[in-house]
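Please open the model in your viewer and keep the sequence panel beside it. The stops below suggest what to select, one after another, and say what is there.

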Amino acid sequence: MSRFKTTRNREVPGLNLAALPDLIFTVLFFFMIVTHMREVTPKVHYEVPQGSEIEKGRKAGLVYLFIGKPVDAQGQILSDETRIQLNDRYVTVGKIAEEIDKERAKMSEDERQHMTVSIRADRDTEMGIINDVKQALRRAGALNINYSATSNNPQKHN
C-alpha cells in the first residue's frame, strides 16, 4: 500500500493572462474602425433644410463653411447674429476669399483641382447672406459649391 501525502496549504493557481493583450487590441481595433472622427467642429448652430434629390460628395479637397448662430462648447446659442465659420475659425464675408486661398495652399495639386466648398447653412439663414458668401467664393475662384441638406425621402440616406 502506498501512502498519500495531503497538503493543507493549497494555493489558488495564478490567472493565465496570455490572451489579454489579444483581447485588448481586438477591442481597440474595433473602436478605431467604427469611430467617426469629425474633421471640423461646428461653432455655429445650424439646422440643414430637407431636400428630395440628395447625393454624396467627394471627400478630397473639401472645405466646410457653416452659416448660423454662434454656440459655445455645450451647444448653447450665444447670440442671434448670423456668423460664418470656415473650417475651424470665424470669418467675415470680406475675408472668405483670403481664407479660401489659405486653404487652397494647404492642399495637394489633385485636391486643389477638385476643391469643393460645402455650405451648411441654418434653414432660417437669410438668402442675402448666402448670396454674399456665393459671390465671395466666386471671387476666390472656388466654383464647386456643395449645399448640405437632409433627406426627406425615407428610401435615400444622406
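At 49% relative accessibility, does Phe-30 count as buried, exposed or partly exposed? Select Phe-30 and show the surface around it: because its relative accessibility is 49%, Phe-30 counts as partly exposed. Bear in mind from this stop onwards that the model is a predicted one.

**The whole chain**

Zoom out and colour by secondary structure, and you will find 4 helices and 8 strands in the protein chain, arranged along the sequence in the pattern α-β-β-β-β-β-α-α-β-α-β-β. If you colour by burial instead, buried residues account for 26% of the 158 residues in the chain. The accessible surface comes to about 12,100 Å², and carbon and sulfur atoms hold 53% of that area. Where contacts link residues at least 6 apart in sequence, 67% of them join residues at least 24 apart.

**Aromatic pairs**

Now display the aromatic side chains, among which the count comes to 2 aromatic pairs. One of them is formed by Phe-30 and Phe-31, whose rings meet edge-to-face, 5.4 Å from centre to centre and with 65° between the planes. Phe-31, with 48% relative accessibility, counts as partly exposed. Tyr-64 and Phe-66 form an aromatic pair that is stacked, with 6.2 Å between the centres and 15° between the planes, and both Tyr-64 and Phe-66 are buried.

**Strand 3 and its partners**

Select residues 62-70, which make up strand 3, and note that this strand is mostly covered, since 8 of its 9 residues are buried. Add residues 44-45, strand 1, and you will see an antiparallel pairing with strand 3 through 2 bridges, in which His-45 stands opposite Lys-69. Next add residues 116-121, strand 6, which pairs with strand 3 in the parallel sense over 6 bridges; here the bridge partner of Val-63 is Val-117. Strand 4 also joins strand 3, running antiparallel to it with 4 bridges between them, and Ile-67 has Ile-84 of strand 4 as its bridge partner.

**Strand 4 and the hairpin**

Move on to strand 4 itself, residues 83-86, and centre the view on Gln-85, which lies in it. Is Gln-85 buried or exposed? Its relative accessible area is 0%, and Gln-85 is therefore buried. Leaving aside neighbours within four places in sequence, its contacts include Val-40, Thr-41, Pro-42, Lys-43 and Val-44, and also Tyr-64, Leu-65, Phe-66 and Tyr-90.

Then select residues 89-91, strand 5, which pairs with strand 4 in the antiparallel sense over 3 bridges, with Tyr-90 standing opposite Gln-85. The hairpin of strand 4 and strand 5 has 2 residues between the strands, and in this hairpin Asn-87 takes a positive phi near 55°. Before leaving Tyr-90, show the side chain of Arg-83 as well: Arg-83 lies over the face of Tyr-90, at 4.0 Å from the ring centre.

**Helix 2**

Select residues 96-106, helix 2, and find Glu-103 within it. Why does Glu-103 count as buried? The reason is its relative accessibility, which is 8%, and buried means under 20%. If residues up to four places away in sequence are not counted, Glu-103 touches Val-63, Leu-86, Asn-87 and Arg-89, and you can display these four side by side with the helix.

Glu-103 belongs to the buried residues of helix 2, which are Ile-96, Glu-99, Ile-100, Glu-103 and Arg-104. Turn the view to look down the axis of helix 2: its buried residues fall within an arc of 145°, so they line one face of the helix. These residues pack against strand 3, strand 4, strand 5, helix 3 (109-113), strand 6 and helix 4.

**Helix 4**

For the last stop, select residues 127-140, helix 4, and centre on Ile-129, which lies there. Because its relative accessible area is 22%, Ile-129 is partly exposed. Which residues does Ile-129 contact once neighbours within four places in sequence are left aside? They are Ile-67, Thr-82 and Ile-84. Ile-129 and Ile-84 are 45 residues apart along the chain, and their C-alpha atoms are separated by 9.4 Å.

Technical notes
Residues numbered from 1 in each chain as written. Predicted model: local features only at pLDDT ≥ 70, side-chain atom pairs only at ≥ 80, totals over all residues. Heavy atoms only, no water. Buried < 20%, exposed > 50% of the residue type's maximum accessible area, 1.4 Å probe, protein only. Contact = heavy atoms within 4.5 Å. Phe/Tyr/Trp six-rings, centres within 6.5 Å; stacked < 30°, edge-to-face > 60°. Lys NZ or Arg CZ within 6 Å of the ring centre and 35° of its normal. Pairing = 2+ DSSP bridges. Arc of directions from axis to C-beta. Areas by Shrake-Rupley, 256 points an atom, 1.4 Å probe, with all protein chains shown as cover.
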